[in-house]
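Reader: Could you take me closely through the backbone of this model, with attention to residues whose phi angle is unusual, and place them in the wider chain?

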Amino acid sequence: MTQQTIHGDDVTFDGKISYILYFTLFPEQETEQRMGKLRQEVKAAYPDVLFEDDASPIFQDFKTVQEFLHGGGLPFDCWRALLCDAPVRMEKAAVHRLQVLFTAFPEINIGKLTFNLQFQDATTSQMVYLHHCNGNGAKILFSNGTALSVKEMYDQILMQLRFYGKHGQLAHLIELNRFGSLEDIAVIMAQEKKRMYGIISGDEGWNHIPEHLAAQRIQPDWSSRDFVEFITFGSNFLLLNLIDSPAARRYRDNQTRFGGSYYGGMNPYFALNPAVAGVNHGIIYAVELVMAIKTIAHRILEFQASFQKSRTGNFRTDIRRTKDYRRELISTLNRVENIDMTELGELEKVILTSQQITPIIDKIKYLLELLESELDLMYQTRTNTIVNILTVLGLLLTVGGTVIAWIDVFGL
């Protein structure tokens, strides 16, 4: 069959796209027991796995960025495992390598799976197609003959590691390192709004939407350098990071001169071109912080529905469950409200807004207020019940005493 030419495919891209899934690792009753053995379970299921302390260029890039931007530690403690780093291909997209990473956030019982595809000379229509690959069943072909879709790999990992997998949240993170022959962010933002809208949304009709609609959808959200732009659209994140542009080269030259003059050389952070989308400039850390919060919030809201339906009628059980639920609500609120609003915090605020976290948190605050009232009512009801029982017992004792006194005085 003759290959058809698709309008707009005269522009090609280099970069990476990550399909990211966040989920609850274990049911509540299994969390403490299984979390401590999780590393061993990952190693048993994937003997070739690499952890962060193993020699890997991928984890070295993570370490370099984290130390530069988050020297004091991440808001949520985590550890990472590289399950796969292999050459791959696809029949309909110019991809050449796949990384599969698992991240565990032990203190919040959240897991994250990242399927990161690197591409080169991908057309616009291929970029849209790649966006669909999280759910369209498209096969990724490995050199050993295995062919698996992202969904099949995700299901396989959940089954092998016996993860709970509930409360799932999906994100796409795309990093473009080359945008055709354009090397100026300002020009791209002025001339290519429709194309960027198609890439970030996966809308194959991108070139048929009104210009003003594309302009509304593609609003610059955050930038720290003149060769970098970060845009959000729902749970889709697009990083323009033109690492080989004249602006980027000038920036690295300046860092080389400055670092050489004052610190004995340029910090390796400024020369990075990581394999995984969003590691550069710390985008991945901001996204995972907010998406982890979103996953916890949705877990709480889903639990609220089942919580109301599962009253046991047993005061001790209901009070314990209510207190546990209250504790998680408070913990979630504290984590959100204690985010350090540094420059990178501004990036996190952008993503918090894009994910509509504030309305969700407001709902959790409202649930907390209701829960506090409910706890007071439960204790009050319990107290009233005890008082009523004591009152009845008192009456019975009074009546009994009267009867005994009557018998003593008058006999039977």
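**Positive phi away from glycine**

Author: The accessible surface of the protein chain comes to about 20700 Å², and 53% of that area belongs to carbon and sulfur atoms. The model is a predicted one, and its protein chain has 412 residues, of which 50% count as buried. Its secondary structure consists of 13 helices and ten strands, while 72% of the contacts with a separation of 6 or more are made by residues 24 or more positions apart.

Turning to the backbone, most residues other than glycine have a negative phi. Asn109 is not a glycine, and yet its phi is positive, at about 55 degrees. Asn109 lies in the loop that runs between strand 4 (95-105) and strand 5 (110-123), and because its relative accessibility is 10%, Asn109 counts as buried, the cut-off being under 20%.

His167, which is likewise not a glycine, has a positive phi of about 60 degrees. This residue belongs to strand 8, which covers residues 166-179, and with a relative accessibility of 14% His167 also counts as buried.

The surface offers another view of the chain, for Ile389, Leu390, Val392, Leu393 and Leu396 make a nonpolar patch of about 470 Å². Val392, one of these residues, is found in helix 13, which spans residues 357-410. Val392 is partly exposed, its relative accessible area being 45%, a value that falls between the cut-offs for buried and exposed, under 20% and over 50%.

Definitions and conventions: Residues are numbered from 1 along each chain as its sequence is written. This is a predicted model: local features need pLDDT of at least 70, side-chain atom pairs count only at pLDDT 80 or more; totals for chains, interfaces and linings use all residues. Side-chain values use heavy atoms; hydrogens and water are left out. Helices (H or I, at least four residues) and strands (E, at least two) are DSSP runs, numbered from the N terminus. Buried means under 20% relative accessible area, exposed over 50%, partly exposed in between (1.4 Å probe, protein chains only). Contact means heavy atoms within 4.5 Å. Accessible areas come from the Shrake-Rupley method with a 1.4 Å probe; for residues, only the protein chains shown count as cover. Patches are made of residues with over 30% relative accessible area and no salt bridge: like charges are joined within 9 Å, nonpolar side chains (Val, Leu, Ile, Met, Phe, Trp, Tyr) within 5 Å. A salt bridge is a side-chain nitrogen of Lys or Arg within 4 Å of a carboxyl oxygen of Asp or Glu.
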